[in-house]
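Here are a few exercises to work through with the structure open beside you. Take them one at a time, and try each task before you read its solution.

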Amino acid sequence: MLSGAKQSFKVPQQPPQQLRGAALKDPKSPNMSGRRNKNCPALQCIPGEYIQEAATHVRKSVLSRDGEGYLPGTLYCTNLRVAFLPDPSANTGDCSCPPFMRSGYDVALPCIRRLVAVNSFTKAKVLTSTSALKFIPEELVIYCRDFRVLRFRFHESGLEPQAFRVTTAIARAQEGSRDSGYGGAALRGLGNSQLTGEEEEFPTLLFETLRDWEKELRRLGTATWRVSPVNERFDMSTSLPKYLWVPKGFLDNELKRAFVHFNGRRIPRLCWHHPGGSDLLRAASFHADSDPEKEDMRSVETLMLAGHSQCVIVETGADLPSPAEIQQSYVKLWGLSLCLADSFVALTDEKWFSSLEGTRWLDYVRACLRKASEVAVLLAERTQSVILQETDDRDLNCLLASLVQVISDPHTRTISGFQSLVQKEWVAAGHAFQQRLNLLQKNERDESPVFLLFVDCIWQLLRQFPQSFELSEAYLVALHDSCYLPFLSTFLFNCQWERGRNNQHHFLNQLYTPINGWRETLCLEILQKDGYPAKEASGAYLPSIWDWGLRYGLQQRAQFRNPCYNHSGNSSGPVRNGNSRSQTRNKMETIPPGNGAMFLFSKGSLSLPTQLFPWKNGSLSKKVSRWAQLSEGHGEQDRPSRGKSSLCRLHSKGLLLLPWHAGPFVQLWKRCYLRGNPEVQVGLFAPSVAGLTEELQLLQERLSHWQARGSPSPVTENGKEPH
């Protein structure tokens with residue numbers, strides 16, 4: 001019973017099997033995908049998921065030609081997500097069978113950051129599991145961590161109890177998601193009809209097997225490196241992948257001596273081999289308390305020089321923001337986008353731009369692009385080893401190593417190459433996704449969207465070099481949003497070792513492949529705790545984030561490919577960041593390389609360090625001094641530099657993209673961060689052929705408007721694009 005208007009509405013919490021509606025099933029029922037009627041399919045659920053409440057005749061706010069429209073359907077609250085199922089008569093723009101998690105309609109509970117109930121007769125209320133809702137909501141607004149804003153309006157003709165029940169159920173479920181079994185929830189039981197029956201759209205190397213590492217090493221075309229299984233059982237380092245690229249003549253017994261001398265036992269290893277002969281490596285900082293012997297020092301030296309006459313150590317954190325600073329900036333950016341969605345502030349408002357600058361997010365994007373460009377030039381101009389060194393080698397090194405390869409290697413700008421890059425430099429390399437994205441909401445203290453900063457940098461490169469990327473902006477938005485899906489394995493764990501440890505026991509129903517169906521992993525103890533029959537099996541995993549068909553329809557996936565992409569791989573214009581290129585090159589001109597010389601690259605400049613290693617044993621420090629003396633005695637004729645002409649040839653072949661990173665050239669990613677403002681989004685995204693037609697009409701109207709005003713281009717005097 002609902003009490004009077006002056007008192008709190010109280011709805012008794014019922015077990016799932018007692019809830020009303022044909023679509024509300026027993027959570028242990030094997031058949032979770034029945035039909036509400038002959039024409040309307042019920043919400044499809046995964047095992048362990050059950051519907052808590054549902055409200056019919058709900059209207060979801062959607063973008064339309066005139067700004068904002070409404071899509072009729074049913075709003076569901078389950079123990080894992082909030083789902084909206086459009087009515088069969090509604091035109092959703094994609095006639096294919098709906099995926100499990102429809103990108104525009106559903107939101108996982110951990111992705112919800114704020115719930116607001118709205119009523120025209122009282123003040124809007126932010127909902128929590130303990131707050132008492134004292135009015136029947138007319139509208140429910142869900143603010144998501146991925147910057148989406150979902151608005152649902154409830155029917156006003158006698159269905160008010162439904163609106164109240166589903167709203168309070170969502171508030172309770174969102175708070176309870178912290179204790180739910182997201183880590184063990186699996187995608188199964190939806191059948192083969194969800195997939196197209198075609199082969200995998202974008203083949204991706206997951207770097208979980210020896211074969212993947214060998215295949216990528218062959219693509220790089222280097223004969224001086226090999227794949228080492230020294231960490232196959234994770235007894236050298238639990239945060240490193242099973243397999244490492246190490247110098248070919250370097251035995252594993254010698255390699256083992258080096259692990260203890262680096263933080264987290266993360267030794268220098270190859271990331272990428274430049275066609276000109278240079279090598280990009282990454283490593284953690286030196287362990288200050290270790291006491292290396294002579295053989296240990298020789299092993300460390302061999303790894304760092306990697307067969308080259310000189311080595312440049314890049315201090316990754318010297319010019320880039322810390323994870324804590326990235327998180328602080330991201331939270332400010334989210335709050336700023338929320339204010340724009342809830343107000344009538346124009347995007348051209350000077351105060352809003354001032355607030356945007358105050359978040360420092362664009363400053364951090366510029367810093368990442370600048371640093372990556374400098375490292376790419378170091379690799380292109382000389383034959384040497386370049387080592388990215390970070391304290392723990394698990395955050396900024398992932399970002400910088402990936403950006404350098406995208407700038408330098410055309411293969412990484414294809415969809416398959418880019419996905420393989422993310423697997424190698426982020427997932428396999430041990431970026432702590434579970435802590436940084438905080439999908440399971442275990443600890444907010446370590447949360448920091450380092451990977452999302454990288455995705456933003458890729459969007460900046462795509463905007464400046466549209467013909468050089470196979471992937472599109474729609475693809476990057478999909479990748480950004482998929483980071484907050486706890487149903488996929490890619491971003492659920494911190495490293496390969498942790499992934500294997502959590503998947504020691506498997507519940508096997510069907511083996512998922514992109515061709516025939518589903519694969520899944522359910523932790524045995526979670527299943528037995530919930531009363532499910534379970535058996536142990538091996539070789540089954542949660543779907544990867546790259547299995548796009550599980551969440552995106554055919555028309556949506558068709559937009560992942562960039563129509564402007566030049567398949568020949570040639571760049572589309574002159575060297576963009578000419579000033580940065582020449583400055584970095586001039587710094588290299590003044591440094592004589594020598595034989596076995598080591599240099600330090602920090603804050604945009606190269607130097608000869610007097611104390612490179614922190615160890616008390618003075619022999620290495622003396623060795624560094626000897627290297628410095630040798631390097632000072634060599635002349636220009638001995639320098640293995642490829643020079644300016646070589647750098648231009650690399651660019652002309654499409655091997656090097658140097659972006660502009662100064663002020664106005666780095667812009668806000670409106671399509672991602674301003675999705676809560678319909679006026680900003682109109683014309684940025686065409687979900688169908690009809691939508692594309694509307695977008696073209698809108699662009700024609702804008703062009704006619706600016707031509708009537710006599711302006712040559714839609715750019716204001718201060719260099720900012722108008723809304």
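**Exercise 1. Cysteines**

Start with C144: is this residue buried or exposed? Then decide what the sulfur distances say about disulfides in this predicted model.

*Solution.*
- Step 1: C144 has a relative accessibility of 1%, so it counts as buried.
- Step 2: Look for a partner. The nearest cysteine sulfur is that of C111, 4.8 Å away.
- Step 3: C111 is buried as well, with a relative accessible area of 2%.
- Step 4: Apply the cut-off. A disulfide needs two cysteine sulfur atoms within 2.5 Å. At 4.8 Å, the sulfurs of C111 and C144 are too far apart for a bond.
- Step 5: The count by this rule is zero disulfides.

**Exercise 2. Salt bridges**

Find which parts of the chain are linked by the pair E139 and R153, then do likewise for D252 and R226.

*Solution.*
- Step 1: Some background helps: side chains of opposite charge can pair when their charged atoms come close.
- Step 2: E139 and R153 form a salt bridge with an N to O distance of 3.6 Å. E139 sits in strand β7 (residues 139-144) and R153 in strand β8 (residues 149-153), 14 residues apart. E139 is buried, at 12% relative accessible area.
- Step 3: For D252 and R226 the N to O distance is 2.7 Å. D252 belongs to helix α3 (residues 252-255) and R226 to strand β9 (residues 225-228), so this pair ties together parts 26 residues apart in sequence. D252 is partly exposed, with a relative accessible area of 22%.
- Step 4: Now widen the view. The whole structure holds 24 salt bridges, and a network of them links R266, R269, R282, D393, K424 and E425.

**Exercise 3. The nonpolar core**

Work out which residues have the most contacts inside the largest nonpolar core, and which helix gives the most to that core.

*Solution.*
- Step 1: The largest nonpolar core has 172 residues, and L75, I142, F451 and F454 have the most contacts inside it.
- Step 2: Helix α7 (residues 361-381) is the top contributor to this core, with 14 residues.
- Step 3: Pick out I142. Beyond its sequence neighbors up to four places away, it touches V82, V107, I112, R114, L115, R148, V149, L150 and F152.
- Step 4: A separate second core has six residues, among them L43, I51, Y76 and L85.

**Exercise 4. A helix check**

Test whether the length of helix α11 (residues 450-464) agrees with its residue count.

*Solution.*
- Step 1: At 1.5 Å a residue, its 15 residues should span 21 Å.
- Step 2: The end C-alpha atoms are 22 Å apart, which agrees.
- Step 3: For its surroundings, note that α11 is mostly covered, with 14 of its 15 residues buried.

Notes
Residues numbered from 1 in each chain as written. Predicted model: local features only at pLDDT ≥ 70, side-chain atom pairs only at ≥ 80, totals over all residues. Heavy atoms only, no water. Core = buried A, V, L, I, M, F, W, Y, C linked by side-chain atoms within 4.5 Å. Buried < 20%, exposed > 50% of the residue type's maximum accessible area, 1.4 Å probe, protein only. Helix = DSSP H or I, 4+ residues; strand = E, 2+ residues; numbered from the N terminus. Contact = heavy atoms within 4.5 Å. Expected span 1.5 Å × (residues − 1). Salt bridge = Lys/Arg side-chain N within 4 Å of Asp/Glu carboxyl O.
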